Amino acid sequence: MFLKDVEKHEGTGSYSELIRRARSSGAPPSGLWHLFAFKPEMTEALAQFTQAAMRGPSPLPAGMRELIAAFTSRRNQCVF
């Protein structure tokens, strides 16, 4: 992740707990979890936006949108 202040933030809530559990088991936490934990009040809005973009009405099928997202993530050297 490139946002070190976000990654270091000790938040509260379900995503902060997921981060703590992942770290305690030796697994690297998802970078997206850090964003959700940093601004938990925005998590629901972001989740709704993501669902609408990936699953809502579109001329592209959901599978193609997933492929575009995966390709973009890979090009950005993001493991998500």
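**Group meeting: a five-helix model**

I will start with one residue, T43, which is found in helix α4, residues 40-55. This is a predicted model, so please hear every value as computed from it. T43 has a relative accessible area of 11%, and it counts as buried because the cut-off is under 20%. Setting aside residues up to four places away in sequence, T43 touches Y15 and F36.

Now the overall picture. The protein has five helices and zero strands, so read along the sequence the pattern is α-α-α-α-α. Its C-alpha atoms fill a box of roughly 40 × 25 × 20 Å, taken along the principal axes. There are 80 residues, and 18% of them count as buried. As for contacts between residues at least 6 apart in sequence, 33% join residues at least 24 apart.

Next, helix α3, which covers residues 31-38. Which of its residues are buried? They are H34, F36 and A37. Viewed down the axis of α3, these buried residues fall within an arc of 165°, so they line one face of the helix. As general background, an α-helix has 3.6 residues a turn, so residues three or four places apart point the same way. What lies over the buried residues of α3 includes α1, at 4-8, together with α2 and α4. One of those buried residues, F36, is a residue we have already met, as a contact of T43.

A37 brings us to S16. S16 is found in helix α2, and α2 runs over 14-24. Is S16 buried or exposed? With a relative accessibility of 4%, S16 counts as buried, because the limit is 20%. Leaving aside neighbours within four places in sequence, S16 is in contact with G11 and A37.

On to empty space. Rolling a probe the size of a water molecule over the atoms shows where empty space is left. How many cavities of 30 Å³ or more does the model have? The count comes to one. The largest cavity has a volume of about 50 Å³. Its lining is made up of E7, H9, E10, G11, S16, I19, R20, R23, H34 and A37. So S16 is here again, along with G11 and A37, the residues that S16 contacts.

Which helix gives the most to this lining? That is α2, with four residues. Both α2 and α3 supply at least two residues each. Sorted by class, the lining has two nonpolar, four polar and four charged residues. H34 and A37 belong to this lining, and both are also among the buried residues of α3.

For contrast, take D5, which is found in helix α1. D5 has a relative accessible area of 64%, and it is exposed because the cut-off is over 50%. D5 and L67 are 62 residues apart in sequence, and their C-alpha atoms are 30 Å apart in space.

Last, a check on helix α5, residues 62-75. With 14 residues at 1.5 Å a residue, α5 should span 20 Å. The C-alpha atoms at its ends are 20 Å apart, which agrees. After α5 comes Q77, whose phi is positive, near 55°.

To close, the points to look at on the screen are the buried face of α3, the cavity of about 50 Å³ and the exposed D5 in α1.

Notes:
Residues numbered from 1 in each chain as written. Predicted model: local features only at pLDDT ≥ 70, side-chain atom pairs only at ≥ 80, totals over all residues. Heavy atoms only, no water. Buried < 20%, exposed > 50% of the residue type's maximum accessible area, 1.4 Å probe, protein only. Contact = heavy atoms within 4.5 Å. 1 Å grid on protein atoms, 1.4 Å probe; cavity = no way out; pocket = protein on both sides within 12 Å on 5 of 7 lines; lining within 4 Å. Points joined across faces, edges and corners; volume = space filled by probe spheres on them. Nonpolar A, V, L, I, M, F, W, Y, C, P; charged D, E, K, R; others polar. Expected span 1.5 Å × (residues − 1). Arc of directions from axis to C-beta.
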